[in-house]
Amino acid sequence: MPSPRRNLEGRPLGASTSSSSSPSSPAHGGGGRFEFQSLLSSRGPGADPTCARLRASESPVHRRGSFPLAGTGPSQAPSAPPPDEDLMDLNPSFLGIALRSLLAIDLWLSKKLGVCAGESSSWGSVRPLMKLLEISGHGIPWLLGTLYCLSRSDSWAGREVLMNLLFALLLDLLLVGLIKGLVRRRRPAHNQMDMFFTLSVDKYSFPSGHSTRAALVSRFILNHLVLAIPLRVLVVLWAFILGLSRVMLGRHNVTDVAFGFFLGYMQYSIVDYCWLSPHNAPFLFVLWNQH
Ligand SMILES: CC(C)=CCC/C(C)=C/CC/C(C)=C/COP(=O)(O)O
């Protein structure tokens, strides 16, 4: 009679052990033993157990339980999946490590830069200025300002540009709201939720709506307004400082702002591609003319 396969502790595989019931137990990846078992049991009779042990120990993430099979206990030993699958499973874990490291750096840097997060913070005296910047990138003034200018505009060219700016601002609100609702990343713990007029999704921080708007609006302005060079520089500076102020106020992590800039930049490309004009959207312009 063939002897039962044993795990590294010498227990027969399939035997119920007290340690297998706890998710933090080594059998679930806490000490890395289960990973060894899954690799060993999938090698088949001719497999080299030393080789399997080496492969598993090369992956630190697996020791923390991110192995795809870590949810099963030793009592449910897998029925010999092809060895190549195990090797392929190891690769994404390195991506996992990279992402976790990036996230850790992001959190650390964001906390360090959050120098205006409260009145008592090291740069707490600059907080009112940062909050003024916050209003300059808020959705409400931009929407109301655009609507007001549209109502006062008496040229077709001006109306066309403003109509597209309105479209851009609404598209931005929609996309940012959608992504915030999907990702649901909480704002940094050191943030004080004292923002002026927010929507329910604004309890989430990814991506930064102010940063998307800053990138979108500044690219829009640079492409559609004829401005002197110093003013153009000022527009870019405003966008950059607005993004930075989101982290300094503790509203966002650095990655929220970085992705926000990227998204806002891409949003302008969408708006440019779908540019509304009296030719492709005559109803909009006729409607507006009637007001
Ligand atoms: C038409 C309509 C639904 C207008 C709502 C405008 C509004 C309340 C926008 C929210 C702006 C805001 C507070 C965004 C949050 O920015 P973060 O940079 O903190 O993500």
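Which polar side-chain atom lies 2.9 Å from an oxygen atom of the ligand? The atom belongs to H252, and Figure 2 returns to it. The model is predicted, so local features need pLDDT of at least 70 and side-chain atom pairs count only at pLDDT 80 or more, while totals for chains, interfaces and linings use all residues. Residues are numbered from 1 along each chain as its sequence is written, and side-chain values use heavy atoms, with hydrogens and water left out.

**Figure 1. Overall fold of the predicted model, with 11 helices and 0 strands.** Helices (H or I, at least four residues) and strands (E, at least two) are DSSP runs, numbered from the N terminus. Along the sequence the pattern reads α-α-α-α-α-α-α-α-α-α-α. Of the 291 residues, 39% are buried; buried means under 20% relative accessible area, exposed over 50%, and partly exposed in between (1.4 Å probe, protein chains only). Among contacts (heavy atoms within 4.5 Å) with a separation of 6 or more, 70% join residues 24 or more positions apart. The protein exposes about 16,200 Å², of which carbon and sulfur atoms supply 67%. Accessible areas come from the Shrake-Rupley method with a 1.4 Å probe; for residues, only the protein chains shown count as cover.

**Figure 2. Surroundings of the ligand, including K180, R187, G209, H210 and R246.** These five come nearest among the 19 residues around the ligand, where a residue is near if one of its heavy atoms lies within 4 Å. A polar contact is a pair of N or O atoms within 3.5 Å; within protein, one must be able to donate a hydrogen and the other to accept it, and residues adjacent in sequence count only if both atoms are side-chain atoms. K180 places a polar side-chain atom 2.5 Å from a ligand oxygen atom. At G209 a polar backbone atom is 2.8 Å from an oxygen atom of the ligand. For H252, the distance from a polar side-chain atom to a ligand oxygen atom is 2.9 Å. On its own the ligand has 560 Å² of accessible area, and the protein covers 82% of it.

**Figure 3. Helix α8, residues 209-224, and the residue S211.** The 16 residues of α8 reach 22 Å from first C-alpha to last, close to the 22 Å expected at 1.5 Å a residue; the expected span is 1.5 Å times one less than the number of residues. Helix α8 is largely enclosed by the rest of the structure, because 13 of its 16 residues are buried. S211 has 0% relative accessibility and so counts as buried. Its side chain makes a polar contact of 2.8 Å with the side chain of S208. Not counting residues up to four places away in sequence, S211 touches G243, R246, V257, G260 and F261.

**Figure 4. Helix α9, residues 229-248, and the turn of backbone at G250.** Helix α9 has 20 residues and spans 28 Å between its first and last C-alpha atoms, close to the 28 Å expected at 1.5 Å a residue. Its buried residues are V235, W238, A239, L242, G243, S245, R246, V247 and M248. Just after α9, G250 adopts a positive phi of about 80°.

**Figure 5. Contacts of D106 in helix α4, residues 83-113.** With 5% relative accessibility, D106 counts as buried. The side chains of D106 and R185 form a polar contact at 2.9 Å. A polar atom of the D106 side chain also lies 3.1 Å from the backbone nitrogen of V254. Leaving aside neighbours within four places in sequence, D106 is in contact with R185, N253, V254 and T255.

**Figure 6. L182 in helix α7, residues 156-183.** L182 counts as exposed, because its relative accessibility is 70%. From L182 to A214 the C-alpha distance is 22 Å, with their positions 32 residues apart in sequence.

**Figure 7. Regions annotated in the unreviewed UniProt entry.** UniProt positions are given in the numbering used here, feature names are shortened, and annotations may be inferred rather than shown by experiment. The record places "transmembrane region" at residues 161-183, 220-245 and 257-276. Residues 220-245 are 85% helix and 0% strand, with end C-alpha atoms 21 Å apart. For residues 257-276 the values are 85% helix, 0% strand and 28 Å between the end C-alpha atoms.
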